[in-house]
Amino acid sequence: MKPPVFDYLDPRTVDEVLDLLADQECDVAILAGGQSLVPLLNLRLARPDVVVDINRIAGLDQVAVTDSAVLIGAMARLSVLEHDGNLVEVLPVVPEAIGLVAHPQIRNRTTIGGSLCHADPSAELPAVAVALGATMHLRSSAGVREQSAAEFFQTVFTTSRRPDELLTAVEFPRHAGFRFCFEEVSRRHGDFPFVGLCLGLRVANGVVVEARLAVCGVAERPVRLAGAESAFVGMPLPSDLAPVLDAASSEVEPPTDTHGSSSYRRALLRTLLRRAVARFDQGVQR
Ligand SMILES: Cc1cc2nc3c(=O)[nH]c(=O)nc-3n(C[C@H](O)[C@H](O)[C@H](O)COP(=O)(O)OP(=O)(O)OC[C@H]3O[C@@H](n4cnc5c(N)ncnc54)[C@H](O)[C@@H]3O)c2cc1C
């Protein structure tokens with residue numbers, strides 16, 4: 001199919017983008033990696049008046065690591081992040097989850113900002129952002145706004161980003177003492193998962209002291225499972241996971257669709273939790 005008619009602009013600065021987004025008269029779509037937007041245009045599910053291509057703006061793809069956080073520019077390509085030695089060292093769950101997104105050719109174009117703004121409820125990176133408590137950095141001509149990942153993802157393909165805002169970066173805090181991993185089940189490698197989860201545990205003397213858990217594919221947005229996190233606390237490893245599995249199961253009401261039933265997804269969640277915890281028993285090696 002062919003896309004509807006639209007104007008195409010490729011500004012060179014963030015300020016130019018913000019001026020274009022501030023125009024209330026026209027519907028503007030930002031083009032990042034184009035791996036979701038272009039199919040949406042071709043299927044005529046998106047009909048913007050103007051497509052603003054942000055690929056020629058310098059500096060939006062930088063990665064900055066400090067003692068407390070990792071700031072990743074919205075235009076950083078997944079294939080670059082996947083192999084970024086610094087990131088593999090300080091925030092390995094991000095490259096790990098990226099390795100499960102689509103295929104290398106798609107990761108060559110896909111940007112982290114595009115993946116987060118597209119907000120597919122099955123997508124890996126939004127779940128990682130929620131589990132780690134990431135902060136979205138948004139800019140408009142009115143100024144700068146920061147929003148937690150938990151509030152950013154609202155429902156299917158919908159975020160709290162306002163039409164005049166550009167996501168410029170995402171900030172992942174570094175959780176001292178935690179180790180994180182990502183597990184998912186998909187039909188084929190590179191497909192969106194039926195269910196995926198990002199689990200982080202802080203373990204001291206063989207006992208879980210703190211847990212962070214977010215799941216994708218079980219709701220209209222990535223969800224953090226506070227009940228399961230609480231059930232983890234005080235649990236020796238290895239251990240009978242029944243309290244955690246039961247808490248997690250009771251916290252979700254997964255959808256039934258053509259890919260699987262609600263009960264199948266709930267069973268997957270239990271299986272994935274077992275797999276993830278087994279990795280902690282082995283020191284979270286891949
Ligand atoms: C075959 C195939 C398999 C895939 N498998 C997976 C998978 O397993 N897991 C997964 O998570 N994804 C998967 N994807 C989706 C892919 O990762 C998309 O590219 C991604 O969701 C969007 O990133 P993008 O950079 O291409 O954004 P685009 O397609 O350019 O944009 C997506 C949306 O975000 C908006 N946007 C982009 N950047 C910004 C910004 N900086 N500020 C504000 N708004 C912005 C755009 O306007 C648009 O609405 C797959 C895609 C394909 C084609």
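Here are a few questions and answers about this predicted model, its sheet and its ligand site.

User: Which strands sit at the edges of the open sheet?
Analyst: The sheet has 5 strands with antiparallel pairing, in the order β4-β5-β10-β6-β7. An edge strand here pairs on one side only, and that picks out β4 (63-65) and β7 (143-148).

User: Which residue in β10 stands opposite threonine 135?
Analyst: Strand β6 covers residues 135-140, and 5 bridges join it to β10, residues 166-173. The two strands run antiparallel. Threonine 135 faces a β10 residue across that pairing, and the partner is glutamate 171.

User: Which element gives the largest share of the shell around the ligand?
Analyst: Let's look at who chips in: β2 (28-31), α7 (112-118) and β10 each supply at least two shell residues. The top contribution is 5 residues, and it comes from α7.

User: How far is an oxygen atom of the ligand from a polar backbone atom of isoleucine 30?
Analyst: Ile30 is one of the residues that come nearest the ligand, with Gly34, Leu37, Thr111 and Glu124 also in that group. Glycine 34 also offers a polar backbone atom, 2.7 Å from a ligand oxygen. For isoleucine 30, the distance is 2.6 Å.

User: How much of the ligand's accessible area does the protein cover?
Analyst: Around the ligand there are 29 residues, and they divide into 15 nonpolar, 11 polar and 3 charged. On its own the ligand has 980 Å² of accessible area, and the share covered by the protein is 88%.

Terms used:
Residues are numbered from 1 along each chain as its sequence is written. This is a predicted model: local features need pLDDT of at least 70, side-chain atom pairs count only at pLDDT 80 or more; totals for chains, interfaces and linings use all residues. Side-chain values use heavy atoms; hydrogens and water are left out. Two strands pair if DSSP finds at least two bridges between them. Helices (H or I, at least four residues) and strands (E, at least two) are DSSP runs, numbered from the N terminus. A residue is near a molecule or strand if one of its heavy atoms lies within 4 Å of it. A polar contact is a pair of N or O atoms within 3.5 Å; within protein, one must be able to donate a hydrogen and the other to accept it, and residues adjacent in sequence count only if both atoms are side-chain atoms. Accessible areas come from the Shrake-Rupley method with a 1.4 Å probe; for residues, only the protein chains shown count as cover. Ala, Val, Leu, Ile, Met, Phe, Trp, Tyr, Cys and Pro count as nonpolar, Asp, Glu, Lys and Arg as charged, and the others, Gly among them, as polar.
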